[in-house]
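User: I should like a close look at one part of this model, followed by a connected account of other places in the structure. Please keep the description to what can be computed from the atoms.

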Amino acid sequence: MKSLSKIWMDGKLVDWDEAKVHILTHALHYGYAVFEGIRCFPTTEGPAVFRLKEHIERFLNSAKIYRMDLRFSAKELTQACLELVRKNGVKSCYIRPIAYTGYGEMGLNPLKNKIAVAIASWEWGPYLGQKALDGGVRATISSWVRIDSRALPIQAKCAANYANSALAKMEALAAGYDEAIMLNSHGMVAEGPGENIFRVKDDILSTPPASSGILRGITRDTVIQVAQDLKIKFYRNDSTKEELYTSDELFFSGTAVGIAKIREVDGRKVGYNGFPITDKIRKLYDSIVHGKAKRYSKWLTPVSR
Ligand SMILES: Cc1ncc(COP(=O)(O)O)c(C=O)c1O
């Protein structure tokens, strides 16, 4: 990773190389951290952060679920993200706010530790690579079941959830695929390790409902709104893996990945007739995040403000 100039830590901008924590930081041992993944895109009017308000809201809700007192308001965190991007002086970047139990007491009661808050940013291309994005990715159904919300609150973007994601990701890579698709404990399609999933069949777009045990993605919400504006028929429904195999189109959505076509699931080709609906959505999504679709400019916060 190429270093940038600063990282925001508990209200102060510190030098990249100085942004360190103690080895006995509580969260490092017990996974008690919540975080966000946000993107800043280049637009004709300078860098702008996409759906910052919604990301900060989700961050605060994740913290609330885990009884973390962040001591910073939504307004302060929003300003901190913008100030950091300004200071680092890049046109586009990924922004990672994180709140975690700091150094203090070890043991399973996290409430004994002060919550530390940090925001880092770095330059990051599409998560699955531009080539994969253009040509589509090969996915496999994971043998790892997506975490059940009766075990861990899936709407909270907690570091601990990502151990489950990492197992699925490693399994997919080891089997020669680009990405995993995880089923929930009822055997229905949930999501990717760090992405939501959409399916097109007979010109109807669908995605698993929040009750299927998924993170309610902000890109997912964007796709849903955009599809409605494009007059694409849409519904939220559960699907089985067989329904994935027989889809006309499939794609992943997420801040890190963008909108990525899935061209194959477990050796079954998807997109025999191309990806016309995915392409339409992706084209509009790209113009929205780059500030070229004025109707959606409310979703972009200029960094320079
Ligand atoms: C498990 C999981 N699902 C879905 C998503 C997509 O969410 P978003 O579109 O808000 O980035 C993410 C990324 O944050 C994720 O980690």
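Where in the structure does Asp203 lie?

Analyst: In this predicted model, Asp203 is placed in the loop that runs between strand S11 (196-201) and strand S12 (204-207). The backbone there deserves attention, since the phi angle of Asp203 is near 70°, a positive value in a residue that is not glycine. In general, most residues other than glycine have a negative phi. Asp203 counts as exposed, at 58% relative accessibility.

A positive phi is also found at Arg51, where the angle is near 50° and the residue is again not a glycine. Arg51 belongs to the loop between strand S5 (48-50) and H2. Its surroundings contrast with those of the loop residue described above: Arg51 is buried, at 4% relative accessibility, whereas Asp203 is exposed.

The helix that follows Arg51 leads to a further buried residue. Helix H2 spans residues 52-65 and contains His55. With a relative accessible area of 1%, His55 is buried, and its side chain comes to 3.3 Å from the backbone oxygen of Gly37. As the cut-off for a polar contact is 3.5 Å between N or O atoms, this distance of 3.3 Å falls within it.

The ligand site comes next. The ligand is surrounded by 16 residues, and the closest are Tyr162, Glu191, Ile218, Thr219 and Thr255. Three of these supply polar atoms at short computed distances from oxygen atoms of the ligand. The side chain of Tyr162 places a polar atom 2.4 Å from a ligand oxygen, and that of Thr255 does so at 2.6 Å. Ile218 takes part through its backbone, a polar atom of which is 2.7 Å from an oxygen of the ligand. The protein covers 96% of the 380 Å² of accessible area that the ligand has on its own.

Thr219, another of the closest residues, sits in helix H6, which comprises residues 218-229. Thr219 is buried, with a relative accessible area of 3%. A polar atom of its side chain is 3.1 Å from the backbone nitrogen of Thr255. Thr255 is thus linked to two partners, because a pair of N or O atoms within 3.5 Å is a polar contact: its backbone nitrogen pairs with the Thr219 side chain, and its own side chain approaches the ligand.

The cysteines can be treated together. The structure holds 0 disulfides. Cys93 is in no disulfide, the nearest cysteine sulfur being that of Cys40 at 4.6 Å. That separation does not qualify because a disulfide requires the two sulfur atoms to be within 2.5 Å. Cys93 is buried, with a relative accessible area of 1%. Cys158 is also buried, at 2% relative accessibility; its sulfur is 19 Å from the closest cysteine sulfur, in Cys81, and is therefore too far away for a bond.

Finally, the surface carries a nonpolar patch of about 760 Å², made by Ile23, Leu24, Leu28, Tyr30, Tyr103, Met106 and Leu108. Leu108 lies in the loop between strand S6 (93-101) and strand S7 (115-122). At a relative accessible area of 73%, Leu108 is exposed, and it can belong to the patch because membership requires over 30%. Exposed loop residues in this account thus include Leu108 and Asp203, while Arg51 is a buried one.

Definitions and conventions
Residues numbered from 1 in each chain as written. Predicted model: local features only at pLDDT ≥ 70, side-chain atom pairs only at ≥ 80, totals over all residues. Heavy atoms only, no water. Patch = residues over 30% accessible without salt bridge, like charges linked within 9 Å, V, L, I, M, F, W, Y side chains within 5 Å. Areas by Shrake-Rupley, 256 points an atom, 1.4 Å probe, with all protein chains shown as cover. Salt bridge = Lys/Arg side-chain N within 4 Å of Asp/Glu carboxyl O. Helix = DSSP H or I, 4+ residues; strand = E, 2+ residues; numbered from the N terminus. Buried < 20%, exposed > 50% of the residue type's maximum accessible area, 1.4 Å probe, protein only. Near = heavy atom within 4 Å. Polar contact = N/O pair within 3.5 Å; in protein donor to acceptor, adjacent residues only side chain to side chain.
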